[in-house]
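Colleague: I should like to learn how a structure of this kind is read, feature by feature. May we begin with the display?

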Amino acid sequence: MLRYLTALPYALPVVAVGAIVAAVIAKPVGRRLREHPVIVFFWMASASVVIAATVTPSGHAPGLNDGLTTTRVWAWSFPAPGALFSVNWQSMNLLLFAPLGVASGLFLRFRHIVGAASIAALLSLAVELVQYMVIPLGRAQFN
């Protein structure tokens, strides 16, 4: 848990900027989509939390030597049922992406739900690719 808490000084400013941007543009975007601005704000703020937590480098990443920063650990599997009840990388990723999934389902029009869910899935893929390609981000808090 301490590892995840060390991300806060790096991620909180990004979350704040994302929430401010979401608050400013939620009303015009909501009007254009004919959706409630609160739903648009919640979706955009959830996306900014995902971006902030996953693309923000960890506090220990700059101090790693070159050999460690190029090491990649890939674990392709479904979360174990026990991951829901303990603090580990799987449970933290589930917790991190849950608000974005809920916000995607709140849109009123079916095509907006499909679009928001598709963008959320592409955002997840983009975050993984950025973490893999940018060496210090490979040691992000939420990998």
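Modeller: Helices are DSSP runs of H or I with at least four residues, and they are numbered from the N terminus. Under that rule Ile20 belongs to helix H2, which covers residues 8-33. Please keep in mind that this is a predicted model.

Colleague: How many helices and strands does the chain have?

Modeller: The chain has 6 helices and 0 strands. Read from the N terminus, its elements follow the order α-α-α-α-α-α.

Colleague: How does one judge whether a residue such as Ile20 is buried or exposed?

Modeller: One compares its relative accessible area with two cut-offs: buried is under 20%, exposed is over 50%, and partly exposed lies in between. Ile20 has a relative accessible area of 55%, so it is exposed. Together with Val17, Val21, Val24 and Ile25, Ile20 makes a nonpolar surface patch of about 430 Å². For the chain as a whole, 30% of the 143 residues count as buried. The chain exposes about 8900 Å², and carbon and sulfur atoms supply 75% of that area.

Colleague: What is notable about the phi angle of Arg34?

Modeller: Its phi is near 60°, a positive value in a residue other than glycine. Arg34 is located in the loop between H2 and H3. Its relative accessible area is 62%, therefore Arg34 is exposed.

Colleague: How does one check the length of a helix, for instance H3?

Modeller: One compares the distance between its end C-alpha atoms with the span expected at 1.5 Å a residue. H3 has 19 residues and should span 27 Å; its end C-alpha atoms are 26 Å apart, which agrees. H6, with 24 residues, reaches 34 Å from its first C-alpha to its last, close to the 34 Å expected.

Colleague: Which residues of these two helices are buried?

Modeller: A general idea helps here. An α-helix has 3.6 residues a turn, so residues three or four places apart point the same way. In H6 the buried residues are His112, Ala116, Ala120, Leu123, Val127 and Gln131. In H3 the buried residues include Ile39, Val40, Trp43, Ala47 and Val50.

Colleague: Which residues touch the most other members of the largest nonpolar core?

Modeller: That core has 15 residues, and those touching the most other members are Trp43, Ala47, Val50, Leu100, Phe107 and Leu123. At least two residues of the core come from each of H3 (37-55), H5 (89-105) and H6 (110-133). The largest share, 6 residues, is supplied by H3.

Colleague: What does Trp43 touch, leaving out residues up to four places away in sequence?

Modeller: Trp43 touches Leu100, Ala103, Ser104, Phe107, Ala116, Ile119 and Ala120. Ser104 itself lies in helix H5. With a relative accessible area of 4%, Ser104 is buried, because the cut-off is under 20%. Apart from its neighbours within four places in sequence, Ser104 is in contact with Trp43, Ile113, Ala116, Ala117 and Ala120.

Colleague: How far apart in sequence are the residues that such contacts join?

Modeller: Among contacts between residues at least 6 apart in sequence, 72% join residues at least 24 apart. Another way to see this kind of arrangement is through C-alpha distances. Ala126 and Ile51 are 75 residues apart along the chain, and their C-alpha atoms are separated by 9.7 Å. Ala126 lies in helix H6, and at 35% relative accessibility it counts as partly exposed.

Terms used
Residues numbered from 1 in each chain as written. Predicted model: local features only at pLDDT ≥ 70, side-chain atom pairs only at ≥ 80, totals over all residues. Heavy atoms only, no water. Core = buried A, V, L, I, M, F, W, Y, C linked by side-chain atoms within 4.5 Å. Buried < 20%, exposed > 50% of the residue type's maximum accessible area, 1.4 Å probe, protein only. Contact = heavy atoms within 4.5 Å. Patch = residues over 30% accessible without salt bridge, like charges linked within 9 Å, V, L, I, M, F, W, Y side chains within 5 Å. Areas by Shrake-Rupley, 256 points an atom, 1.4 Å probe, with all protein chains shown as cover. Salt bridge = Lys/Arg side-chain N within 4 Å of Asp/Glu carboxyl O. Expected span 1.5 Å × (residues − 1).
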